[in-house]
Amino acid sequence: KSQEEVARVGLEGLDETLAREDLEQQLNAAREIQQRLLPRSLPEVPGYRLAATNVPSLHVSGDTYDCLHLSDGSLAVTIADVSGKGMPAALLTGTLQASLRALARVTNDPGQLLEAANDALFESTDPERFATLFMAVLNPDGSGLRYASAGHNPPLLLRADGTVQWLKPAGTPLGMIPEMTYPVFPVRLDAGDLLVA
């Protein structure tokens, strides 16, 4: 090979390396932004102990959780999974989270929140893109919660007395069909009960 060919191959390799490093930097920045959208700490709520974690399988993901302060002062805990992986799912996750935070200032009903979020997501994306979501509004007296679900995996309630109960799955995933309704279910919680979502 001539020196010219060797230099050209070397430059192409350098271009590929620089492009990979640039992509890696962008993905790391996206991951940092997505992690900042998660609650920095969970609120202290009398009668409850909250714990949450998010570990994406890629740099960024469509999985998220949040704590929303509703219009009546109560707290809603959400967990969501947007279809797909990587950057498209992460972008849709940010859109969904922003919608829910804005809507939480208007209503304290989890069913109405999911209805409004569903319509907003349906209008802003293709029906192939959707999100499952579980939302629980904690009773301020520590006695339990009200929940609505948009096609999310049913949470598991482990009672202190050893009994186990899956919460009813209900509702269509968000963004698939407009003008859906989401039923709200009450759940009593006793001391020592554990809800896993």
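1. Some vocabulary before the tour: helices (H or I, at least four residues) and strands (E, at least two) are DSSP runs, numbered from the N terminus. With that in hand, Glu 179 can be placed in the loop between E6 and E7. Glu 179 is not a glycine, yet it has a positive phi of about 55°. Glu 179 is also exposed, at a relative accessible area of 69%; here buried means under 20% relative accessible area, exposed over 50%, and partly exposed in between (1.4 Å probe, protein chains only).

2. A word on what you are looking at: this is a predicted model, in which local features need pLDDT of at least 70 and side-chain atom pairs count only at pLDDT 80 or more, while totals for chains, interfaces and linings use all residues. Residues are numbered from 1 along each chain as its sequence is written, and side-chain values use heavy atoms, with hydrogens and water left out.

3. Now the overall layout. The protein chain has three helices and eight strands, and along the sequence they run α-β-β-α-α-β-β-β-β-β-β. Of its 197 residues, 38% count as buried. Take the contacts (heavy atoms within 4.5 Å) with a separation of 6 or more: 65% of them are between residues 24 or more positions apart.

4. Thr 172 sits in the loop between strand E6 (164–166) and E7. Is Thr 172 buried or exposed? Thr 172 counts as buried, at 19% relative accessibility. Setting aside neighbours within four places in sequence, Thr 172 is in contact with Ala 150, Gly 151, Ile 177, Met 180 and Tyr 182.

5. On to the nonpolar cores, meaning sets of buried Ala, Val, Leu, Ile, Met, Phe, Trp, Tyr and Cys residues joined through side-chain atoms within 4.5 Å. The largest one has 22 residues, and Leu 96, Leu 114, Leu 133, Met 135 and Leu 174 have the most contacts inside it. Two or more residues of this core come from each of E2, helix H2 (86–103), helix H3 (110–124), E3 and strand E4 (144–150). Leu 114 is a good one to click on: leaving out residues up to four places away in sequence, Leu 114 touches Leu 133, Met 135, Ala 148, Ser 149, Ala 150, Leu 174 and Tyr 182. Apart from this core lies another, of 15 residues, including Phe 134, Tyr 147, Leu 167 and Ala 170.

6. How many aromatic pairs does a search of the whole structure find? There are two, where rings of Phe, Tyr and Trp (its six-membered ring) pair if their centres lie within 6.5 Å, with planes under 30 degrees apart called stacked, over 60 edge-to-face and the rest tilted. Phe 134 and Tyr 147 form a tilted pair, 5.4 Å centre to centre with 35° between the planes. Phe 134 lies in strand E3 and Tyr 147 in strand E4, so the pair ties together parts that are 13 residues apart in sequence. Phe 134 is buried at 3% relative accessibility, and Tyr 147 is buried with a relative accessible area of 3%.

7. Tyr 147 also forms a tilted pair with Phe 185, 5.4 Å centre to centre and 35° between the planes. This pair links distant parts of the chain, with Tyr 147 in strand E4 and Phe 185 in strand E7 (residues 185–188), 38 residues apart. Ring pairs thus make a cluster of Phe 134, Tyr 147 and Phe 185.

8. Next, the empty space. On a 1 Å grid over the protein atoms alone, a cavity is a set of points where a 1.4 Å probe fits but cannot get out, and a pocket is an open set with protein on both sides within 12 Å along at least five of seven lines; lining residues have an atom within 4 Å of a point. Grid points are joined across faces, edges and corners, and a volume is the space filled by probe spheres set on the points. The largest pocket holds about 1100 Å³. Its lining has 42 residues, and the closest to its centre are Leu 50, Ala 51, Leu 195, Val 196 and Ala 197. Strand E1 (63–69), strand E2 (75–82), strand E3 (131–138) and strand E8 (194–196) each supply at least two lining residues.

9. Last, the cavity. By this rule there is one cavity of 30 Å³ or more, and the largest cavity has a volume of about 50 Å³. Among the residues lining the largest cavity are Thr 64, Tyr 65, Asp 66, Leu 96 and Leu 133. E1, E2 and H2 each give two or more residues to this lining.
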